[in-house]
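Colleague: I am new to this structure and would like a close look at one part of it. Please choose a residue, describe its setting with care, and then connect it to the rest of the model.

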Amino acid sequence: MTARGSSGRDPVIIGVGESSAVGRVPGKSSLMLHAEAALAALGDAGLRKEDVDGVLTNESYLDYHVRHSMAFAEYFGIPSTARMITSIPLGSGASSGLFVHYAANAIRSGQCEVVLAVSADNFLSGLARSGAVKALADNRDKEFEAPYGPALPACFGLVAQRHMHEYGTTPEQLASVAVTMRRHASMNPRAHQRDPITVADVLASRPIASPFTLLMCSLVSDGGAAVVVTTRERARDLDRPAIEILGAGIAYGDGEDKVPLHSSLSQARDLLRIGTHVSAAQAMAQAGVTHADIDVLMAYDCFAIMPILYLEAAGFVGAGEGGAFFAGGRAELGGDLPVNPHGGMMSYAHPGNPGGLFMFPELVRQLRGECGPRQVAGAEVGMVTGYGGQMAFWPVTVLGRSR
Amino acid sequence: MSVTEPVPTADSEVFWERCKAGELSLPRCRDCGELNWFPRAMCRYCSGTDMEWVPMSGQATVYSFSVVDRPPSPGLPGRYVLALVDLDEGVRMMTHVVDCDPDEVRIGMRVSVRFQPISDEISLPVFRPAIP
């Protein structure tokens, strides 16, 4: 890793936290799950809510507020001296990556000293599963997509079928992604689903939308996560282990020059050419790291095809090689590049919008060396990938242990 | 067939009128010659506003598909084929592949448009296997 010019205003992650439980957490409102996660993250940082002057939230599928971030700030008791309170729209799996980018910019510019990014939802308890599926299906272009019933698994089924067609990726390889996530979750006492599964179990589970069976899809869970970002200087005063935001990249569409971007899935030019190839290169260049430096990859695993695509687009393997990487156990703990050691959204938790935000607490704890049996040995640098819209925007973040 | 009925806008009302008449037409920019999909009054390539409605051949190739076994709502059939098809004119549309066994659908398969009325106003373009 090359040395970068450092400044006291460099943004660092000083605290992470989650709701008291994830999975099935009945009897708690969406805002209460936010508040639990926020309090836990501030406690981890050694800060109080009175120290917070920036708040970022997602909106909620279930608990709609015209100004969601303000509704949370009111509920939680953020002081009136805050200088940034804003939310990122629904349907954005990228929002957790964007949270950290926006928080880092607010810190670096001097707008804020302590930014709390929080997202939560009672996606399982607050809504029947069919209702959750319907809510997500309504998140398509209302005129030229929604009439065709583009259920979320089917939208990603289109991506997976194309990958299988172009590269020969197999159902067994897709199943191995689910098996990897479950194996990791089995070592995580907080995970929503912990019972080990086999490739045969995954293939035998109920068909949902080809090529996906039930176990190739992410969970529907309750829960929330939060991240606290501050300056390097403030972190020194707090005497807590700070994790550095080394690099951040974003790309839209396929990331190519001069080509109009898309928001809707059907407007994508090439479902397999994702902008992560650009944003990963940006983030790694900014961080001054190469692929060999990355010890752990957090990949937004809404469906089994996506971690495969991220591995390929970010350049860890060649195009079409991601399936074999998983099937060969190379993404498991102890493998070449462990992916989602917490169990991912396929086995740890996926409460809707917050699903991707859980990638950050896990990576921060991995880099601090706090993960017990699922610890990636010697983890110093990690990457978080995600997407938003319908395969439409692609944030990548590189975090590292202070050195 | 569907639960979400499209509500035409000023950008799209001609598209839906033509569909109702059994014709698939898209706006083409007279300034740069590009087809625009979804329909819009300003060209997304050159910002021109001189658009003409051009009939498509209705012939297309399946780019990708997914056989849905779990419909998102009660109004949809129990098993259907969500697809992206590439019109011969170069535009990609989301649609259904119909009038065949879902297990027979393949990427690269040639398909032809037909129109499925879902209300007095709206006929959805769907695609069936092309007759060789």
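Modeller: A good place to start is Asp99(B), which is partly exposed, with a relative accessible area of 47%. This is a predicted model, and what follows should be taken as a description of that prediction. Asp99(B) sits in the loop that runs between strand S5 (92–97) and strand S6 (110–117) of chain B. Although Asp99(B) is not a glycine, its phi is positive, at about 60°. As background to that value, most residues other than glycine have a negative phi, and most peptide bonds are trans.

Chain B offers a second example in Ser47(B), whose phi is near 65°, again a positive value in a residue other than glycine. Ser47(B) belongs to the loop between S1 and S2 of chain B, and with a relative accessible area of 48% it is partly exposed. The loop between strand S1 (25–29) and strand S2 (51–55) of chain B also holds Phe38(B), and the peptide bond that joins Trp37(B) and Phe38(B) is cis, with omega about 10°. As for the confidence of the prediction here, chain B averages a pLDDT of 93, and 92% of the residues score at least 70. Where pLDDT is low, the predicted coordinates should not be read in detail. For the complex, the predictor gives an ipTM of 0.94 and a pTM of 0.94.

A cis peptide bond is found in chain A as well, running from Ser210(A) to Pro211(A) with omega near 5°. Pro211(A) is placed in the loop between strand S5 (207–209) and strand S6 (212–213) of chain A.

Chain A also provides a contrast to these partly exposed loop residues, in its helix H10 (residues 305–313), where nine of the nine residues are buried, so that the helix is largely enclosed by the rest of the structure. The buried residues of H10(A) include Ile305(A), Met306(A), Pro307(A) and Tyr310(A), and Glu312(A) is also one of them. Just after H10(A) comes Gly315(A), which takes a positive phi of about 90°.

Another buried position is Ser176(A), which has a relative accessibility of 7% and is found in helix H6 (residues 171–185) of chain A. Leaving aside residues up to four places away in sequence, Ser176(A) touches Val199(A), Gly323(A), Phe326(A) and Ala327(A).

Stepping back to chain A as a whole, one finds 13 helices and 11 strands. The radius of gyration of chain A is 19 Å, close to the 22 Å that the globule rule gives for 403 residues, so chain A is as compact as a globular protein of that length. Taken along the principal axes, the C-alpha atoms of chain A fill a box of roughly 55 × 45 × 45 Å. Of the 403 residues of chain A, 63% count as buried, and among contacts between residues at least 6 apart in sequence, 77% join residues at least 24 apart. The accessible surface of chain A is about 13,400 Å², of which 50% belongs to carbon and sulfur atoms. Finally, chain A carries 32 positive and 39 negative side chains, and the centres of these two sets lie 3 Å apart.

Technical notes:
Residues numbered from 1 in each chain as written. Chains lettered and ligands numbered in written order. Predicted model: local features only at pLDDT ≥ 70, side-chain atom pairs only at ≥ 80, totals over all residues. Heavy atoms only, no water. Buried < 20%, exposed > 50% of the residue type's maximum accessible area, 1.4 Å probe, protein only. Helix = DSSP H or I, 4+ residues; strand = E, 2+ residues; numbered from the N terminus. Rg over C-alpha atoms; globule rule 2.2 N^0.38 Å. Contact = heavy atoms within 4.5 Å. Areas by Shrake-Rupley, 256 points an atom, 1.4 Å probe, with all protein chains shown as cover. Lys, Arg positive; Asp, Glu negative; His and termini not counted. Charge placed at Lys NZ, Arg CZ, Asp CG, Glu CD. pLDDT = per-residue confidence, 0-100.
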